[in-house]
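Biologist: Could you walk me through this one slowly? I am still learning how to read a structure.
Modeller: Of course, let us put it up and begin with the overall picture.

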Amino acid sequence: MTTPVALKVPAVEEDSSKRRQILDGARRMFMEFGFDAASMGEIARTAGVSKGTLYVYFADKCALFQAIVEEIAQIHGRIGADIDLDDHDVPGSLRRFGMAYMELLCRPDGGSAVRTIMAIAERMPEIGRRYYSTIIAGSINRLAQYLAAQSKAGILAIDDHELAAEQFLKSCQATLFLPFVFQTTPSPSRERIAYVIDSAVRMFMAAYGAGTKR
(Lines give C-alpha, C1' and ligand atoms only; values in the text may rest on other atoms or scores of the structure.)
Protein backbone atom coordinates (compact mmCIF):
# COMPACT_ATOMS: atom_id res chain seq x y z
CA MET A 1 0.00 0.00 0.00
CA THR A 2 1.43 3.34 -1.00
CA THR A 3 1.79 5.90 1.73
CA PRO A 4 0.03 9.15 0.76
CA VAL A 5 2.44 11.97 0.14
CA ALA A 6 1.69 15.13 2.08
CA LEU A 7 1.15 18.07 -0.20
CA LYS A 8 3.18 21.18 0.56
CA VAL A 9 1.22 24.42 0.51
CA PRO A 10 2.73 26.75 -2.10
CA ALA A 11 4.74 29.63 -0.66
CA VAL A 12 2.44 32.15 -2.31
CA GLU A 13 -0.56 30.72 -0.43
CA GLU A 14 1.36 30.73 2.85
CA ASP A 15 2.35 34.33 2.21
CA SER A 16 -1.24 35.36 1.47
CA SER A 17 -2.56 33.54 4.54
CA LYS A 18 0.01 35.14 6.84
CA ARG A 19 -0.68 38.60 5.44
CA ARG A 20 -4.42 38.03 5.94
CA GLN A 21 -3.75 36.95 9.54
CA ILE A 22 -1.78 40.13 10.22
CA LEU A 23 -4.37 42.42 8.63
CA ASP A 24 -7.20 40.82 10.62
CA GLY A 25 -5.28 41.29 13.86
CA ALA A 26 -4.33 44.86 13.00
CA ARG A 27 -7.90 45.73 12.08
CA ARG A 28 -9.13 44.53 15.47
CA MET A 29 -6.49 46.61 17.26
CA PHE A 30 -7.08 49.78 15.23
CA MET A 31 -10.86 49.57 15.51
CA GLU A 32 -10.80 48.90 19.25
CA PHE A 33 -7.96 51.16 20.42
CA GLY A 34 -7.38 53.64 17.58
CA PHE A 35 -4.26 54.23 15.55
CA ASP A 36 -2.05 55.83 18.21
CA ALA A 37 -2.69 53.29 20.97
CA ALA A 38 -2.14 50.25 18.73
CA SER A 39 1.58 49.39 18.89
CA MET A 40 3.29 47.05 16.45
CA GLY A 41 4.05 44.71 19.35
CA GLU A 42 0.39 44.52 20.38
CA ILE A 43 -0.67 44.06 16.76
CA ALA A 44 1.78 41.16 16.41
CA ARG A 45 0.44 39.50 19.57
CA THR A 46 -3.18 39.97 18.49
CA ALA A 47 -2.40 38.56 15.03
CA GLY A 48 -0.53 35.60 16.52
CA VAL A 49 2.77 36.31 14.76
CA SER A 50 6.21 37.40 15.89
CA LYS A 51 7.19 41.05 15.70
CA GLY A 52 9.91 40.07 13.22
CA THR A 53 7.34 38.42 10.95
CA LEU A 54 5.15 41.51 11.16
CA TYR A 55 7.99 43.71 9.90
CA VAL A 56 8.65 41.35 7.02
CA TYR A 57 5.21 42.22 5.65
CA PHE A 58 4.83 45.83 6.76
CA ALA A 59 7.57 48.40 7.32
CA ASP A 60 5.64 50.34 9.94
CA LYS A 61 2.22 50.99 11.43
CA CYS A 62 1.36 53.56 8.77
CA ALA A 63 1.96 51.05 5.96
CA LEU A 64 -0.19 48.53 7.80
CA PHE A 65 -3.04 50.99 8.21
CA GLN A 66 -2.80 52.02 4.55
CA ALA A 67 -3.22 48.36 3.58
CA ILE A 68 -6.42 48.21 5.63
CA VAL A 69 -7.70 51.38 3.95
CA GLU A 70 -6.97 49.74 0.57
CA GLU A 71 -9.13 46.78 1.58
CA ILE A 72 -11.96 49.07 2.65
CA ALA A 73 -11.65 50.86 -0.70
CA GLN A 74 -11.97 47.57 -2.58
CA ILE A 75 -15.16 46.72 -0.69
CA HIS A 76 -16.67 50.15 -1.33
CA GLY A 77 -15.59 49.92 -4.95
CA ARG A 78 -18.23 47.25 -5.47
CA ILE A 79 -21.04 49.72 -4.69
CA GLY A 80 -22.77 50.51 -7.94
CA ALA A 81 -20.27 48.46 -9.95
CA ASP A 82 -23.18 46.67 -11.60
CA ILE A 83 -25.32 49.76 -12.15
CA ASP A 84 -26.78 49.66 -15.66
CA LEU A 85 -26.38 52.98 -17.45
CA ASP A 86 -29.24 51.96 -19.75
CA ASP A 87 -31.67 51.21 -16.91
CA HIS A 88 -34.21 54.01 -17.14
CA ASP A 89 -35.97 53.05 -13.90
CA VAL A 90 -34.22 55.90 -12.10
CA PRO A 91 -36.09 55.63 -8.76
CA GLY A 92 -35.37 51.90 -8.62
CA SER A 93 -31.70 52.36 -9.48
CA LEU A 94 -31.33 55.12 -6.91
CA ARG A 95 -32.96 53.00 -4.22
CA ARG A 96 -30.63 50.07 -4.89
CA PHE A 97 -27.57 52.31 -4.96
CA GLY A 98 -28.62 54.15 -1.81
CA MET A 99 -29.35 50.95 0.12
CA ALA A 100 -26.01 49.39 -0.81
CA TYR A 101 -24.18 52.60 0.06
CA MET A 102 -25.78 53.11 3.46
CA GLU A 103 -25.76 49.47 4.54
CA LEU A 104 -22.01 49.42 3.93
CA LEU A 105 -21.38 52.86 5.44
CA CYS A 106 -23.36 52.03 8.58
CA ARG A 107 -22.27 48.44 9.08
CA PRO A 108 -21.42 47.72 12.74
CA ASP A 109 -17.64 48.11 12.32
CA GLY A 110 -17.87 50.92 9.78
CA GLY A 111 -18.06 53.72 12.32
CA SER A 112 -14.81 52.67 13.97
CA ALA A 113 -12.98 52.84 10.65
CA VAL A 114 -14.27 56.34 9.88
CA ARG A 115 -13.47 57.62 13.38
CA THR A 116 -9.94 56.21 13.19
CA ILE A 117 -9.28 57.78 9.80
CA MET A 118 -10.67 61.14 10.90
CA ALA A 119 -8.44 61.06 13.98
CA ILE A 120 -5.20 60.63 12.02
CA ALA A 121 -6.03 62.54 8.81
CA GLU A 122 -4.57 65.81 10.09
CA ARG A 123 -1.20 64.22 10.90
CA MET A 124 -1.18 61.89 7.92
CA PRO A 125 -3.20 63.66 5.21
CA GLU A 126 -2.21 61.13 2.57
CA ILE A 127 -4.35 58.53 4.32
CA GLY A 128 -7.29 60.93 4.50
CA ARG A 129 -6.89 61.83 0.83
CA ARG A 130 -6.66 58.17 -0.14
CA TYR A 131 -9.82 57.33 1.82
CA TYR A 132 -11.75 60.20 0.27
CA SER A 133 -10.60 59.69 -3.33
CA THR A 134 -11.14 55.93 -3.44
CA ILE A 135 -14.16 55.49 -1.18
CA ILE A 136 -16.23 58.67 -1.04
CA ALA A 137 -15.38 60.20 -4.41
CA GLY A 138 -15.51 56.77 -6.04
CA SER A 139 -19.17 56.29 -5.09
CA ILE A 140 -20.02 59.84 -6.18
CA ASN A 141 -18.35 59.36 -9.57
CA ARG A 142 -20.11 56.05 -10.27
CA LEU A 143 -23.50 57.54 -9.47
CA ALA A 144 -22.71 60.69 -11.48
CA GLN A 145 -22.04 58.55 -14.56
CA TYR A 146 -25.47 56.96 -14.22
CA LEU A 147 -27.16 60.35 -13.75
CA ALA A 148 -25.38 61.70 -16.83
CA ALA A 149 -26.68 58.78 -18.89
CA GLN A 150 -30.23 59.40 -17.69
CA SER A 151 -29.95 63.11 -18.42
CA LYS A 152 -28.80 62.30 -21.93
CA ALA A 153 -31.83 60.00 -22.30
CA GLY A 154 -34.12 62.87 -21.28
CA ILE A 155 -35.33 61.25 -18.06
CA LEU A 156 -33.48 63.64 -15.76
CA ALA A 157 -32.64 67.32 -16.15
CA ILE A 158 -29.30 67.87 -14.44
CA ASP A 159 -26.57 70.37 -15.25
CA ASP A 160 -23.99 69.25 -12.67
CA HIS A 161 -24.10 65.46 -12.33
CA GLU A 162 -21.35 65.22 -9.72
CA LEU A 163 -23.11 67.76 -7.51
CA ALA A 164 -26.44 65.95 -7.93
CA ALA A 165 -24.83 62.60 -7.07
CA GLU A 166 -23.31 64.00 -3.90
CA GLN A 167 -26.60 65.66 -2.95
CA PHE A 168 -28.39 62.33 -3.26
CA LEU A 169 -25.81 60.43 -1.21
CA LYS A 170 -25.82 63.10 1.49
CA SER A 171 -29.61 62.97 1.69
CA CYS A 172 -29.32 59.18 2.10
CA GLN A 173 -27.19 59.80 5.20
CA ALA A 174 -29.77 62.10 6.84
CA THR A 175 -30.51 61.04 10.46
CA LEU A 176 -28.43 57.88 9.91
CA PHE A 177 -24.71 58.39 9.48
CA LEU A 178 -23.69 61.18 11.88
CA PRO A 179 -25.62 59.82 14.89
CA PHE A 180 -24.10 56.41 14.12
CA VAL A 181 -20.50 57.56 13.63
CA PHE A 182 -20.63 59.72 16.78
CA GLN A 183 -22.05 56.74 18.69
CA THR A 184 -25.32 58.33 19.76
CA THR A 185 -27.28 55.54 18.04
CA PRO A 186 -26.46 51.96 17.06
CA SER A 187 -26.15 50.79 13.47
CA PRO A 188 -29.53 51.57 11.85
CA SER A 189 -31.85 48.76 10.83
CA ARG A 190 -32.45 47.89 7.19
CA GLU A 191 -36.03 49.12 7.58
CA ARG A 192 -34.88 52.52 8.86
CA ILE A 193 -32.33 52.82 6.05
CA ALA A 194 -35.01 51.99 3.48
CA TYR A 195 -37.32 54.64 4.96
CA VAL A 196 -34.66 57.34 4.63
CA ILE A 197 -33.61 56.20 1.14
CA ASP A 198 -37.23 56.36 -0.11
CA SER A 199 -37.46 59.94 1.12
CA ALA A 200 -34.15 60.81 -0.57
CA VAL A 201 -35.37 59.32 -3.86
CA ARG A 202 -38.61 61.31 -3.74
CA MET A 203 -36.75 64.57 -3.10
CA PHE A 204 -34.23 63.84 -5.83
CA MET A 205 -36.88 63.08 -8.44
CA ALA A 206 -38.86 66.17 -7.43
CA ALA A 207 -35.75 68.29 -7.98
CA TYR A 208 -34.27 66.65 -11.05
CA GLY A 209 -37.06 64.79 -12.87
CA ALA A 210 -37.23 65.99 -16.47
CA GLY A 211 -40.85 67.06 -16.07
CA THR A 212 -40.23 69.01 -12.86
CA LYS A 213 -40.92 72.74 -13.04
CA ARG A 214 -38.00 74.90 -11.96
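Biologist: How many helices and how many strands does the protein have?
Modeller: Please keep in mind throughout that this is a predicted model. In it the protein has ten helices and zero strands, and so from the N terminus on the elements run α-α-α-α-α-α-α-α-α-α.

Biologist: Is the protein spread out or compact, then?
Modeller: Its radius of gyration is 22 Å, while the globule rule gives 17 Å for 214 residues, and because the value for this protein is well over that, the protein is more spread out than a compact globule. If you take a box along the principal axes, the C-alpha atoms fill roughly 75 × 50 × 30 Å.

Biologist: And what share of the residues counts as buried?
Modeller: Of the 214 residues, 44% count as buried. As for contacts, if we take those between residues at least 6 apart in sequence, 73% of them join residues at least 24 apart.

Biologist: Which residues of α6 are buried?
Modeller: They are G110, G111, S112, A113, V114, T116, I117 and I120. That makes eight of the eleven residues of this helix, which covers residues 110–120, so α6 is largely enclosed by the rest of the structure.

Biologist: Changing topic, at what angle do α5 and α8 pack?
Modeller: Helix α5, residues 90–105, and helix α8, residues 161–173, pack at an angle of about 55 degrees, and their axes are 10 Å apart. I give you both values because two packed helices are described by the angle between their axes and the distance between the axes.

Biologist: Why are they called oblique?
Modeller: An angle between 35 and 65 degrees falls outside the roughly parallel and roughly perpendicular ranges, and α5 and α8 are therefore oblique to each other. The crossing in which α5 passes α8 is right-handed.

Biologist: Which residues meet there?
Modeller: From α5 there are L94, F97, G98, Y101, M102 and L105, and these meet F168, L169, C172 and Q173 in α8. Sorted by character, the residues of this contact are eight nonpolar, two polar and no charged.

Biologist: One more on that helix: is G92 buried or exposed?
Modeller: G92, which is found in helix α5, is buried, because its relative accessible area is 9% and the cut-off for buried is under 20%.

Biologist: How many residues apart in sequence are G92 and V201?
Modeller: G92 and V201 are 109 residues apart in sequence, and in space the distance between them is 8.8 Å, C-alpha to C-alpha.

Key:
Residues are numbered from 1 along each chain as its sequence is written. This is a predicted model: local features need pLDDT of at least 70, side-chain atom pairs count only at pLDDT 80 or more; totals for chains, interfaces and linings use all residues. Side-chain values use heavy atoms; hydrogens and water are left out. Axes are lines fitted to C-alpha atoms, for helices over the stretch in contact, and angles run from 0 to 180 degrees between N-to-C directions. Helices (H or I, at least four residues) and strands (E, at least two) are DSSP runs, numbered from the N terminus. Angles under 35 degrees count as roughly parallel, over 145 as roughly antiparallel, 65 to 115 as roughly perpendicular and the rest as oblique. A crossing is left-handed if the near helix is turned anticlockwise from the far one by less than a right angle, and right-handed if clockwise. Contact means heavy atoms within 4.5 Å. Ala, Val, Leu, Ile, Met, Phe, Trp, Tyr, Cys and Pro count as nonpolar, Asp, Glu, Lys and Arg as charged, and the others, Gly among them, as polar. The radius of gyration is taken over C-alpha atoms; the globule rule is 2.2 Å times the number of residues to the power 0.38. Buried means under 20% relative accessible area, exposed over 50%, partly exposed in between (1.4 Å probe, protein chains only).
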